[in-house]
Amino acid sequence: MTNSALRSPVFEGVLSTSELPRFINGWILDGQYRQLSKQTLTARRCVTERLVWWLRREGLDGCSAAEIKGFLCYVTTGHTEPGGRYGIANLNKPVRTRTVKDTHGILRSFFLWIVAEGYIPASPMATVKAPIHRPDQIQPFTEEQVSDLIRAAKKGRNPKRDEALIMFMLDTGVRASELCGIDLNDLDIVNRKVIVLGKGNKHRAVYFGRETGRTLWAYVREEGIEGTSPLFQSGRGGRFSRSGLRQLFERLGHEANLEATRCSPHTLRHTFAVMFLRAGGSVFSLREMLGHTDLSMTNRYVSLAQADVQNQHRQFSPVERLRGRK
């Protein structure tokens with residue numbers, strides 16, 4: 001895309017709404033030639049196009065810091081409007097604080113790119129402070145809850161698929177996006193490993209146990225999955241989407257009566273990590289398995305596992321148990 005195709009408006013602290021789609025296309029092309037991951041590019045386009053949608057809905061001809069703040073407020077409250085956030089009926093629930101923070105980060109990168117390309121002298125995001133992010137304190141499943149979830153999977157609409165999916169996620173800790181991207185030819189059933197595409201467009205190998213391997217193979221044979229087909233397929237036969245996977249977990253959680261713990265793919269990822277550490281696994285090995293770039297994220301699971309040890313000691317302290325017998 002040439003500079004003439006991205007002709008800069010006169011900058012007076014406000015960018016023309018009509019010009020934004022041109023900048024978005026230029027930014028996405030920039031990310032494509034730099035080989036950013038498909039997930040990153042999709043997120044960038046989604047956030048920036050939703051900004052344009054909101055500006056147009058509000059009848060705003062320009063985008064300055066004030067409009068960006070208004071959009072970020074809408075991200076947090078749009079679920080309360082009739083028709084759902086962005087006019088999508090099923091987007092009717094509050095977003096996590098991480099979602100708002102990620103939206104801010106994507107917009108910050110977008111406007112900095114426009115500055116770097118020389119179209120405006122300064123970013124309107126300069127005075128838009130990052131939202132406070134309070135990480136979710138997701139509690140892992142108990143062993144009993146995992147058993148209940150597997151039993152619910154076996155009684156579902158696609159019992160072989162759902163059982164294999166639950167066991168695979170529990171045994172590997174893969175992200176939802178990673179699971180959705182797995183094809184059959186990524187699976188090495190003999191060596192019990194799968195190659196997944198993680199964050200930053202990086203591939204890594206994840207491993208699973210013998211029982212998970214048997215369950216996976218039974219599912220693949222029964223469904224007749226071949227070649228480069230997606231490993232885990234939706235009811236319509238196509239690749240699972242992240243929203244479809246989330247809906248599956250919500251349904252299985254309801255059928256398993258898992259009301260005290262959020263039933264989601266990420267909860268299984270937490271459960272894998274905590275169970276791995278409880279069993280004596282190395283935090284450095286866990287970092288590689290989860291695809292973390294450093295230990296800061298992995299250490300969150302260490303804290304959960306240590307809290308579990310503390311609770312177990314309180315319950316099974318030898319001295320306290322002796323006292324209780326007097």
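1. Let's start with a single residue: His104 is found in helix H4, residues 97-116. Helices here are DSSP runs of H or I of at least four residues, strands are E runs of at least two, and both are numbered from the N terminus. At 6% relative accessibility, His104 counts as buried, where buried means under 20% relative accessible area, exposed over 50% and partly exposed in between, with a 1.4 Å probe and protein chains only. Leaving out residues up to four places away in sequence, His104 touches Leu72, Met125, Val128, Lys129, Ala130 and Pro131; contact means heavy atoms within 4.5 Å. The C-alpha atoms of His104 and Leu72 are separated by 7.4 Å, although the two are 32 residues apart along the chain.

2. A word on how to read all this. This is a predicted model, in which local features need pLDDT of at least 70, side-chain atom pairs count only at pLDDT 80 or more, and totals for chains, interfaces and linings use all residues. Residues are numbered from 1 along each chain as its sequence is written, and side-chain values use heavy atoms, with hydrogens and water left out.

3. Next, confidence. The chain averages a pLDDT of 85, and 86% of the residues score at least 70; pLDDT is the predictor's confidence in each residue, from 0 to 100. Among the elements, helix H1 (residues 20-33) has the highest mean, 96, and helix H13 (residues 318-324) the lowest, 57. Over residues 1-12 the pLDDT is below 50, and this stretch has 25 contacts in the model beyond near neighbours in sequence. Where pLDDT is low, the predicted coordinates should not be read in detail.

4. For the overall picture, the chain has 13 helices and 5 strands. Of its 326 residues, 41% count as buried. Among contacts with a separation of 6 or more, 60% are between residues 24 or more positions apart.

5. Now the helix pairs. Helix H5 (residues 143-154) and H6 pack with their axes 7 Å apart, at an angle of about 155 degrees. Axes are lines fitted to C-alpha atoms, for helices over the stretch in contact, and angles run from 0 to 180 degrees between N-to-C directions. H5 and H6 are therefore roughly antiparallel; under 35 degrees counts as roughly parallel, over 145 as roughly antiparallel, 65 to 115 as roughly perpendicular and the rest as oblique. Val146 and Leu149 of H5 are among the residues making this contact, as are Ile166 and Leu170 of H6.

6. H6 (residues 159-172) also meets H9 (residues 242-255): their axes come within 12 Å and cross at roughly 100 degrees, so the two helices are roughly perpendicular. The contact includes Leu165 and Met169 in H6 and Leu248 and Phe249 in H9.

7. The largest nonpolar core has 39 residues, of which Leu165, Phe168, Leu231, Phe232 and Leu245 touch the most other members. Such a core is a set of buried Ala, Val, Leu, Ile, Met, Phe, Trp, Tyr and Cys residues joined through side-chain atoms within 4.5 Å. H6 gives the most to this core, with 7 residues. Leu245 touches Leu165, Ala176, Leu179, Cys180, Phe240 and Pro265, not counting residues up to four places away in sequence.

8. Finally, a contrast with His104: Asn257 sits in the loop between H9 and helix H10 (265-278) and, at 60% relative accessibility, counts as exposed.
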